[in-house]
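User: I am a first-year student and would like to work through a protein model by question and answer. Please present the structure, and then let us begin.

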Amino acid sequence: MSQRVLVLGAGFAGLSAATSLADQGYDVTILEKNSMPGGRARLFQAEGYTFDMGPSWYWMPDVFDTYFARFGKRTADYYKLVRLDPSYKVVFGPDEAVDLPAGLPNLEALFEQFEPGSGPRLREFLSQASYKYKVGMQNFVWKPSRSVTEFLSLKLLYDVTRLDVFQSFAVHARKFFSHPRLLEIVEFPVLFLGATPENTPAMYSLMNYAEMALGTWYPMGGMHEIVKAMVSLAEEKGVKILLNQTVRKIDIINGLAKRVVTDQGIFETDVVVAGTDYNHVETTLVDPAYRNYDDAYWQKRVMAPSSLLFYLGVSKRIPKLEHHNLFFDEDFKQHAHEIYENPQWPSKPLFYASAPSKTDPSVAPAGCENLFLLIPVAPDLTDDEATRAHYFEMIMDRLEAYVGEDIRNYIVYKRSYAHSDFKSDYNAFRGNAYGLANTLKQTALLKPSLKNKRVNNLFYTGQLTVPGPGVPPSLISGLVVANEVAKEFS
Ligand SMILES: Cc1cc2nc3c(=O)[nH]c(=O)nc-3n(C[C@H](O)[C@H](O)[C@H](O)COP(=O)(O)OP(=O)(O)OC[C@H]3O[C@@H](n4cnc5c(N)ncnc54)[C@H](O)[C@@H]3O)c2cc1C
């Protein structure tokens, strides 16, 4: 008889772990609390619009290709990818914006316009970033990070010295560029990692390589197409996905997780892989004696920002927007201070506007625009209706000032989403959106471990453990944990 594995949560990490284990012969069942798989990448439909609820940037296409290739498939077997050009727009003010072109020659030319000599420097910056990307993606992200010995090889130590682990991204970027606009452009991808450029290791210029060289892509139909593809592959491999199953308890007997209790029933098992929010497992699903980390540990974790989101159906086209639009029209330092150092609702936040209907007619009725607005905010804030309404008006003022036309009167559908929704939908620790920040002190061995120290058959996967937040790392996290399970429970 095959060993039974229960995977908790059908996010990217849970789906990835489940598929890999089923492919290796395990009898795998996923228990998911929501009525749809995908976790933070679910979708909903309203008034003829289809909204991706979370991720909107498809970066690192090689990771998705590697994922499907592992199971003898191609990404193209499931969805059609298009490369966006421009990759995105940066709005610096009502009358100043720049479109970032796809392709390095055009990017270099753009950089030259801001700062003579910066084109060749961009080439050098990206050549170093390419090295970091290759070493990072070939070596480091695949490490389960359970022991320091994993990192004790001469080759790896040599690589570490070239990865700029101990220099800050902000210092590194200033060695190449001095124009404030160029600095904002190169520092933007680092914000995905959930920390300021000053607190992010320069190693993460690999994100610039991912963004500028590998490109920004979009799966036609929306980001949820990735989830559909993964579900189809998982089911082909024999994974059973049970929806509307809220896990209440992991029963541990003699140091082993024996049963998982949901609001619908009791499931016996040989192994548990928790793809649910790590802190939720620790504080709610296992008895305190079996926690890996106490409350003091969790309180000291630096979380990536949460988000205040607005999903809008707009009954007209908005010509001045691109698919991805970053509103860098306020002071980032002030906003970062109000996220990280003095957490509070921001006074003048930057925000991001996505209009996937620019690329994909299927996500909005003809002649209409599908808008997704995201304000990064500190975790753990109170998000009442009045606060949401205040920020909505604030960013609509700036959006309308830039596009030069009325949007508010054309909104035919509106929904907001913030901390309390992340908590109720995903049991998200402190209402986090993208997990733990990728600071130096929260990298590799210093992240929450992917295995329980006291329960030999309880593993963790997802954006709060290795390698970190984001869709590609979550996919990798599932594969990494599946390897660990297979090593110990073959
Ligand atoms: C607004 C937003 C924008 C983002 N933008 C991007 C982007 O552009 N590009 C990118 O790469 N990444 C982006 N991310 C990050 C990315 O979406 C996440 O890192 C990734 O989806 C996390 O996957 P996961 O499997 O670790 O967790 P989740 O997706 O949270 O999956 C966990 C699953 O566990 C389930 N669960 C929780 N508790 C229980 C329980 N008790 N019982 C059963 N099931 C339970 C949840 O319902 C959920 O389905 C974004 C995230 C957000 C929120």
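User: How far does the backbone nitrogen of histidine 419 lie from a polar atom of the side chain of aspartate 383?

Analyst: This is a predicted model, and every value given here is computed from it. Aspartate 383 is located in the loop between strand E17 (369-377) and helix H13 (385-403). A polar atom of its side chain and the backbone nitrogen of histidine 419 are separated by 3.2 Å.

User: Which residue has a side chain in polar contact with the side chain of aspartate 383?

Analyst: A polar contact requires a pair of N or O atoms within 3.5 Å. At 2.7 Å, such a contact is made between the side chain of aspartate 383 and that of arginine 388. The residue asked for is arginine 388.

User: Is aspartate 383 buried or exposed?

Analyst: A residue counts as buried when its relative accessible area is under 20%. For aspartate 383 the relative accessible area is 10%. Aspartate 383 is therefore buried.

User: Which residues are the closest to the ligand?

Analyst: The ligand is surrounded by 37 residues. By class, this shell has 16 nonpolar, 17 polar and 4 charged residues. The closest are Glu32, Arg40, Trp57, Gln463 and Gly470.

User: How much of the 1000 Å² that the ligand exposes when taken alone does the protein bury?

Analyst: Some atoms of the protein can be placed against atoms of the ligand: a polar side-chain atom of asparagine 34 lies 3.0 Å from an oxygen atom of the ligand, and a polar side-chain atom of asparagine 427 lies 2.9 Å from a nitrogen atom of the ligand. For glycine 39, a backbone N or O atom lies 3.5 Å from an oxygen atom of the ligand. Of the 1000 Å² that the ligand exposes when taken alone, the protein buries 96%.

User: Which elements give two or more residues to the shell around the ligand?

Analyst: The question concerns helices and strands that contribute at least two residues to this shell. The elements are helix H1 (12-23), helix H14 (419-426) and helix H15 (471-488).

User: Why is the pair of tryptophan 298 and phenylalanine 429 described by its particular class name?

Analyst: The whole structure holds 42 aromatic pairs. In the pair of tryptophan 298 and phenylalanine 429, the ring centres are 5.5 Å apart and the planes stand at 70°. Planes over 60 degrees apart place a pair in the class needed here. The pair is therefore edge-to-face.

User: How many residues apart in sequence are the parts that this pair ties together?

Analyst: Tryptophan 298 lies in helix H11 (residues 295-300), whereas phenylalanine 429 lies in the loop between H14 and strand E19 (458-460). Tryptophan 298 is buried at 1% relative accessibility, and phenylalanine 429 is buried at 9%. Because the two rings belong to these separate parts, the pair ties together parts whose separation in sequence is 131 residues.

User: Over the ring of which residue does the charged end of lysine 414 sit?

Analyst: Two such arrangements can be described. The charged end of arginine 301 sits over the ring of tyrosine 297, 3.8 Å from its centre. For lysine 414, the charged end is 3.7 Å from the centre of the ring, and that ring belongs to phenylalanine 392.

User: What kind of peptide bond joins aspartate 85 and proline 86?

Analyst: Most peptide bonds are trans. Proline 86 is in the loop between strand E5 (81-83) and strand E6 (88-93). With omega at about 0°, the bond between aspartate 85 and proline 86 is cis.

User: Is asparagine 254 buried or exposed?

Analyst: Asparagine 254 has a positive phi of about 55° although it is not a glycine. Its place is in the loop between strand E10 (247-253) and strand E11 (256-262). A relative accessible area over 50% counts as exposed. Asparagine 254 has 76%, so it is exposed.

User: How far apart in space are valine 314 and isoleucine 411, C-alpha to C-alpha?

Analyst: Valine 314 is in strand E14 (residues 306-314), and it is buried with a relative accessible area of 0%. Valine 314 and isoleucine 411 are 97 residues apart in sequence. In space, C-alpha to C-alpha, the distance between them is 4.5 Å.

Methods: Residues numbered from 1 in each chain as written. Predicted model: local features only at pLDDT ≥ 70, side-chain atom pairs only at ≥ 80, totals over all residues. Heavy atoms only, no water. Near = heavy atom within 4 Å. Polar contact = N/O pair within 3.5 Å; in protein donor to acceptor, adjacent residues only side chain to side chain. Areas by Shrake-Rupley, 256 points an atom, 1.4 Å probe, with all protein chains shown as cover. Helix = DSSP H or I, 4+ residues; strand = E, 2+ residues; numbered from the N terminus. Nonpolar A, V, L, I, M, F, W, Y, C, P; charged D, E, K, R; others polar. Phe/Tyr/Trp six-rings, centres within 6.5 Å; stacked < 30°, edge-to-face > 60°. Buried < 20%, exposed > 50% of the residue type's maximum accessible area, 1.4 Å probe, protein only. Lys NZ or Arg CZ within 6 Å of the ring centre and 35° of its normal.
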